[in-house]
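Here are some short exercises to work through with a structure in front of you. Try each task before you read its solution.

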2 protein chains.
Amino acid sequence: MINKAGRDIPDELLKDGLEVFQGQYYRDGYEYKKAAPKVKGYVQPRGSKVVDSLKDAILKCGLKDGMTVSFHHHFREGDYVASMVMEVIHELGFKDIYICASSLGAAQKSFVPMIEDGTITGISTSGVRAEIGRAISEGKLPRPAMIRTHGGRVRAIETGDIHIDIAFIGAPTSDELGNSRGTGGKSDCGVLSYAVVDARYADKVVVVTDMLVPTPNLPAGIQGIDVDYVVVVDQIGNPKKIASAVLRMTENPRELMIAEYATKCMVATPYFKDGFSFQTGAGGASLAVTRFLRPYMEKQGIQMGFACGGIVEPMVQLLKDGFIRKIVDTQDFDIASVESIGKTPGHVEISTSEYANPLNKGAFVNYLDFVILGALEVDVDYNVNVVQGSDGLIQGAPGGHVDTAAGAKCTIIATPLVRSRIPSIRDRVTSVTTPGESVDIVVTEYGVAVNPARADLIACLADSGVPLKTIEELRDEAYKLVGTPADIKFEDKIVALVEYRDGTIIDVIRKPADLG
Amino acid sequence: MINKAGRDIPDELLKDGLEVFQGQYYRDGYEYKKAAPKVKGYVQPRGSKVVDSLKDAILKCGLKDGMTVSFHHHFREGDYVASMVMEVIHELGFKDIYICASSLGAAQKSFVPMIEDGTITGISTSGVRAEIGRAISEGKLPRPAMIRTHGGRVRAIETGDIHIDIAFIGAPTSDELGNSRGTGGKSDCGVLSYAVVDARYADKVVVVTDMLVPTPNLPAGIQGIDVDYVVVVDQIGNPKKIASAVLRMTENPRELMIAEYATKCMVATPYFKDGFSFQTGAGGASLAVTRFLRPYMEKQGIQMGFACGGIVEPMVQLLKDGFIRKIVDTQDFDIASVESIGKTPGHVEISTSEYANPLNKGAFVNYLDFVILGALEVDVDYNVNVVQGSDGLIQGAPGGHVDTAAGAKCTIIATPLVRSRIPSIRDRVTSVTTPGESVDIVVTEYGVAVNPARADLIACLADSGVPLKTIEELRDEAYKLVGTPADIKFEDKIVALVEYRDGTIIDVIRKPADLG
């Protein structure tokens, strides 16, 4: 069946209530009964929840073949927890484990042999990078991986589309009751936002920490009342890699031009006024926008209402300097933001449900005025791909891309026209991550294209000083520079489903015929 | 059937799975699937959730005859919200409404005519004071009121024993998305802890505020993602009555003696060591204990781990002076604590589930070392009554009494031997609120009785300098002073059930034959 993003979703996938993507707001007003975990209540006071080892915790939780376990990715490339837990599960000989991760990357390369030997047979994740991306692309999983957005993962858990049997939550600090925080330890990650839904909806919850602190460890990102066991290990992650993003104040003229255009677009819209809300990324051009916005805000005497998304130092600085009322933080990309959370007034931790869940009563993304997002590919229908390389290999993550694009009043894709001699703007994206209807403006160094559905924005930008082009003109220029991209050949085997945030299927990813 | 507290619970009550009390830890390890609300998801961004009036909100929420609505009591004697909402519901002509309140008192006297005309037909509450206590005692409700502890209310909601259709949550500040806080407004109550469970488990949630603030109002006690509508009214409460407790540093020699004995008991136990946890009340003797503890802590160079319960200025001062690591706050009794929350480092808001729910994975009450509690009556089996006056009228509240008594390692009841010529220590309490097995020490100005089940404590107190007595000696002394109390006559009609925190029935309250 061809879905609303123009993608062919095989009928055999559409069972158990699975539907194809039918538009970004198709499920608006969807009514459901929330999922809920099974809980064992402890009426009688017991002492510490600390157990001797991960093995102990896993056995006490009653892990069985076929169960689902979960992990968060706040430690990013420095995470030791997911591998450490899975290695014990592997040693214990469990099979057919389903992984429900908020993201996976280079830190989980130990999963690959476990996929090969049947320990891991299913994966739900946002990011699928590095070795694990290749293993999934190669079709090594017996069932297709489910690629979910950050908001979509929370939705899937809260609606019961996926049920977590045991959540393993790495925490920089915990007390013996499981009250856990993202700070105060030797491997700080700032916040624990992705794991909040795991703690509340998993049947069993294990906190893994390398810093046991006196009770009570409050205010807690993860509450002890949701935690069954606490395991103390030597090291939960490599602090150098947890917040590794080396922020660069770009001097690249192409990036500066993209940033300048994006800033001019923002300022020209009616949304740029006191209290506006904003999310941007950590790339060179995105960071430059944060820098370029400041004089405009100063001149107009306005303040940002809230900033969200992955937080980095320039945003924290704007908060400290009084240009932002609140940073609503679900992820910290650098040391400065890890150090700021809970200390700088107005820098506040929120859960990922608050951030981006499409099926609660209104997540923060729904109240975004602007979001600036990247893209691997954009097509002439404004569809964006951020998951699959132009070589067919899965090497990306929808993350909050899809969620913020659907929620923001003005969604700006900022991308160089070509990248490593591959055109970013093209006839058709390799796979759709974010549908074109969610995308308002595409900014390249060559010019700015506005989605024809946004005649209001086209009018706003007429005198903004940015070079307006059609998306086809951008594509033509890209093709002129590096040539028309050749079609990649795929086998029939579907290796991953790209789930839209509301639970429908927006695309499928097949095994590339030649993975190099 | 005679239950474990020696009370006769009529068999006809024991249907729909209702059980009699079978010991304080009877349900330890109880496994259940948590309840969950029905939710309508808002995928499409919508603007403000503010509606024009309470009437609007009630109609949009789809209130129907027979539904359950809920309220919290953070505004205490100054609450306008519950009456305001119920008056609109009354005007709209709805009938057979069940009230699920965290407590009710003088501020809800407008409920009485609504009980009489069938608007309100059922009540679940902790406190049943003033006019509403009398109305319930008189049997004006067609079904018995359900008297619940603070922890028991959360349990009942989280297990699904009671389902809230619409929660009305008064909030000193809210933004237009429903992110609400207990501070920052013109009628501050400090925290919104009792309402957290309402927000998470009710199908529909309405925030009622008199101070709409810019978005986002964070950190939020009640999260906007749980809120359907926001109503702005002129005044949610009388700030003078919200935190009205006039703290008195008692000079009453009887209270000072009780406080001195209680302090000596605490200090003589092995639990009095660095990191100990403590809850006390706001009465004269209790406050004096907080004061008397300080030099002992100073001398031993120890710090309290956490303090909980209703918070008052002397506790905040101990925190500020470095004698307490954390105050885990679910209720503020005075202006000083309202002003401290969120400002004094270590003074932290927690939910009532974190505080006292007996069926989560371990509430803070389970980790209490000491609690000092009051009593209307204590009997020779150490059972305590804090709900029913010795005249039979319901004029009290289990509150956190039962929860902390069950959780704390050392539960101390501090009470004068007689009060207004009524003996506090007696053969048999009028009704049981807290079972004797939860009570360790009874302190009066005449002497201290230790529960014989706690031989360890009796040994500790041998050289503590407090006059040890048997509970029978205390009773005899009380009877000698004011005479043996006459039995009150009751009709057969049961007007209220006293639910134990785990959901079993510990006692029933019948209509007094002569209510005066």
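Before we start, one definition: helices (H or I, at least four residues) and strands (E, at least two) are DSSP runs, numbered from the N terminus. Keep in mind too that this is a predicted model.

**Exercise 1. Find where Pro216(B) lies, and describe the peptide bond leading to it from Thr215(B).**

Step 1: Look between β11 (204-209) and β12 (229-232) of chain B; Pro216(B) lies in that loop.
Step 2: Check the bond from Thr215(B) to Pro216(B): it is cis, with omega near -5°.
Step 3: Recall the background: most peptide bonds are trans.
Step 4: Now turn to chain A, where the bond from Thr215(A) to Pro216(A) is cis, with omega near -5°.

**Exercise 2. Work out which strands pair with β22(B), and whether its residues are buried or exposed.**

Step 1: Locate β22(B) at residues 410-414.
Step 2: Go to strand β19 (residues 370-373) of chain B, which runs parallel to β22(B) and is joined to it by 4 bridges. Here Val371(B) has Thr411(B) as its bridge partner.
Step 3: Go to strand β26 (residues 441-444) of chain B, also parallel to β22(B), with 3 bridges between them. In this pair, Ile413(B) stands opposite Val442(B).
Step 4: Follow the side chains. Cys410(B), Ile412(B) and Ala414(B) point one way, while Thr411(B) and Ile413(B) point the other way.
Step 5: Conclude that the strand is mostly covered, as 5 of its 5 residues are buried.

**Exercise 3. Decide whether Thr125(B) is buried or exposed, and find a polar partner for its side chain.**

Step 1: Find Thr125(B) in strand β6 (residues 120-125) of chain B.
Step 2: Buried means under 20% relative accessible area. Thr125(B) has 1%, so it is buried.
Step 3: List its contacts beyond four places in sequence; among them are Ala101(B), Leu104(B), Met146(B) and Arg148(B).
Step 4: Look for the polar partner: the backbone oxygen of Gly127(B) lies 2.8 Å from a polar atom of the Thr125(B) side chain.

**Exercise 4. State what is notable about the phi of Asp16(B), and classify its exposure.**

Step 1: Find Asp16(B) in the segment before β1 (31-33) of chain B.
Step 2: Read its phi, which is near 55°, a positive value in a residue other than glycine.
Step 3: Compare with the general pattern: most residues other than glycine have a negative phi.
Step 4: Asp16(B) has 80% relative accessibility, so it counts as exposed.

Key. Residues are numbered from 1 along each chain as its sequence is written. Chains are lettered from A and ligands numbered from 1 in the order in which they are written. This is a predicted model: local features need pLDDT of at least 70, side-chain atom pairs count only at pLDDT 80 or more; totals for chains, interfaces and linings use all residues. Side-chain values use heavy atoms; hydrogens and water are left out. Buried means under 20% relative accessible area, exposed over 50%, partly exposed in between (1.4 Å probe, protein chains only). Two strands pair if DSSP finds at least two bridges between them. A polar contact is a pair of N or O atoms within 3.5 Å; within protein, one must be able to donate a hydrogen and the other to accept it, and residues adjacent in sequence count only if both atoms are side-chain atoms. Contact means heavy atoms within 4.5 Å.
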